[in-house]
Amino acid sequence: MKHLHKYKIADLIVEVRHDSSILLQNGMKYAYNTSDKADIEIEVSEDRISKALAFNKSFDRDYAEYFVSGMDFYQKIIPYSGFMIHSSCVAVDGKGYLFTADSGVGKSTHTSLWREYLGDRAVIINDDKPAVRFSGDKFTVYGTPWSGKNDESSNDKAIVSALVFLERGSAFAIEPIQPDKAVSRILPQMLRYIRSENADKQFDL
């Protein structure tokens, strides 16, 4: 039987009815005891869990529910000027740096080096799917419990200072890129199947 859990994620009250042990474990640091009405409500049906299992044979039921609940959160955060992006985010002195790339390029390896060299100054906000929200004139990045099987995340937030696209190369280098090229690189790292009512808002962000 699924149980109701409340979390505070990205400064939103999120109510999830689930029995995923992974989400239960990862969500402990986001647990929020309140009688206030939830901003976001999530419940994954057994039919959608079955479809996720058929889609990816490496999933078990527990992970499938965890995975789909994360996709639901992504859809439901868009009206709150938010989105999730496949990236590893590290915060240093209140500034957040998101590193994105295709799987296997080295996002986690890169951010772990920040901790190695900067020690406690560097905090991993989320190693897989941080949430980002826009307010006023700035973007803020938040940890979420949807952080992969290793749960590298923290219930922290930081002002986004940079989004970096990692590539493998023979020498160390960093260079700015123009917005049009950035957009074409950002989109593949975001949710690809957006509900029609959220599409315009997502592209505005």
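A salt bridge is a side-chain nitrogen of Lys or Arg within 4 Å of a carboxyl oxygen of Asp or Glu. The legends below describe close-up views of a predicted model.

**View A. The salt bridge between D128 and K129.** In this predicted model, the side chains of D128 and K129 meet at 2.8 Å, taken from N to O, and so satisfy the 4 Å limit for a salt bridge. D128 has a relative accessibility of 18% and counts as buried, because the cut-off for that class is under 20%. K129, with a relative accessible area of 22%, is partly exposed. Elsewhere, salt bridges that share partners join K2, D19, E46, R61 and E65 into one network. In the structure as a whole there are 15 salt bridges.

**View B. The salt bridge between E43 and R17.** The side chains of E43 and R17 form a salt bridge with an N to O distance of 3.9 Å. This pair links distant parts of the chain, since E43 belongs to strand 3 (residues 40–43) and R17 to strand 2 (residues 12–18), with their positions 26 residues apart in the numbering. E43 is partly exposed at a relative accessible area of 48%, and R17 is also classed as partly exposed, at 32% relative accessibility. As a general matter, side chains of opposite charge can pair when their charged atoms come close.

**View C. The salt bridge between D47 and K51 in helix 2.** Here the side chains of D47 and K51 meet in a salt bridge, with 3.4 Å from N to O. The two residues are four apart in helix 2 (residues 46–55), so that about one helical turn separates D47 from K51. An α-helix has 3.6 residues a turn, so residues three or four places apart point the same way. D47 is partly exposed, with a relative accessible area of 45%, whereas K51 is exposed, with a relative accessible area of 55%, because the exposed class begins over 50%.

**View D. The cavity lined by D128, K129 and their neighbours.** A search of the whole structure finds one cavity of 30 Å³ or more, and the largest cavity has a volume of about 70 Å³. Its lining consists of Y63, Y66, F67, G70, M71, D128, K129, W146, S147 and G148, so that D128 and K129, the salt-bridge pair of View A, both appear in this lining. By residue class, the lining of the largest cavity divides into five nonpolar, three polar and two charged residues.

**View E. The largest pocket.** The largest pocket holds about 1400 Å³ of space. Of the 38 residues that line the largest pocket, F99, L163, V164, F165 and L166 lie nearest its centre. The elements that give two or more residues to this lining are strand 6 (95–100), helix 4 (107–118), strand 10 (157–165), helix 5 (179–186) and helix 6 (196–204). The lining of the largest pocket is made up of 28 nonpolar, six polar and four charged residues.

**View F. The second largest pocket and helix 3.** About 860 Å³ of space lies in the second largest pocket, which is lined by 26 residues, with F67, M71, L191, R192 and Y193 nearest its centre. Helix 2 and helix 3 (61–77) each supply at least two residues of this lining, and helix 3 gives the most, with six residues. The lining of the second largest pocket divides into 13 nonpolar, five polar and eight charged residues. Helix 3 itself has 17 residues and reaches 24 Å from its first C-alpha to its last, close to the 24 Å expected at 1.5 Å a residue. Because 13 of the 17 residues of helix 3 are buried, this helix is largely enclosed by the rest of the structure. F67 and M71, named here near the pocket centre, are also among the residues that line the largest cavity of View D.

**View G. The antiparallel pairings of strand 8.** Strand 4 (residues 82–84) and strand 8 (residues 131–135) run antiparallel and are joined by three bridges, and within this pairing A131 of strand 8 is the bridge partner of M84. Strand 8 is also joined to strand 9 (residues 138–142) by five bridges, again in an antiparallel arrangement, with K138 of strand 9 as the bridge partner of S135. The hairpin of strand 8 and strand 9 has two residues between the strands, and in this hairpin G136 takes a positive phi near 70°. In a regular strand the side chains alternate between the two faces of the sheet.

Key. Residues are numbered from 1 along each chain as its sequence is written. This is a predicted model: local features need pLDDT of at least 70, side-chain atom pairs count only at pLDDT 80 or more; totals for chains, interfaces and linings use all residues. Side-chain values use heavy atoms; hydrogens and water are left out. Buried means under 20% relative accessible area, exposed over 50%, partly exposed in between (1.4 Å probe, protein chains only). On a 1 Å grid over the protein atoms alone, a cavity is a set of points where a 1.4 Å probe fits but cannot get out, and a pocket is an open set with protein on both sides within 12 Å along at least five of seven lines; lining residues have an atom within 4 Å of a point. Grid points are joined across faces, edges and corners, and a volume is the space filled by probe spheres set on the points. Ala, Val, Leu, Ile, Met, Phe, Trp, Tyr, Cys and Pro count as nonpolar, Asp, Glu, Lys and Arg as charged, and the others, Gly among them, as polar. Two strands pair if DSSP finds at least two bridges between them. The expected span of a helix is 1.5 Å times one less than its number of residues.
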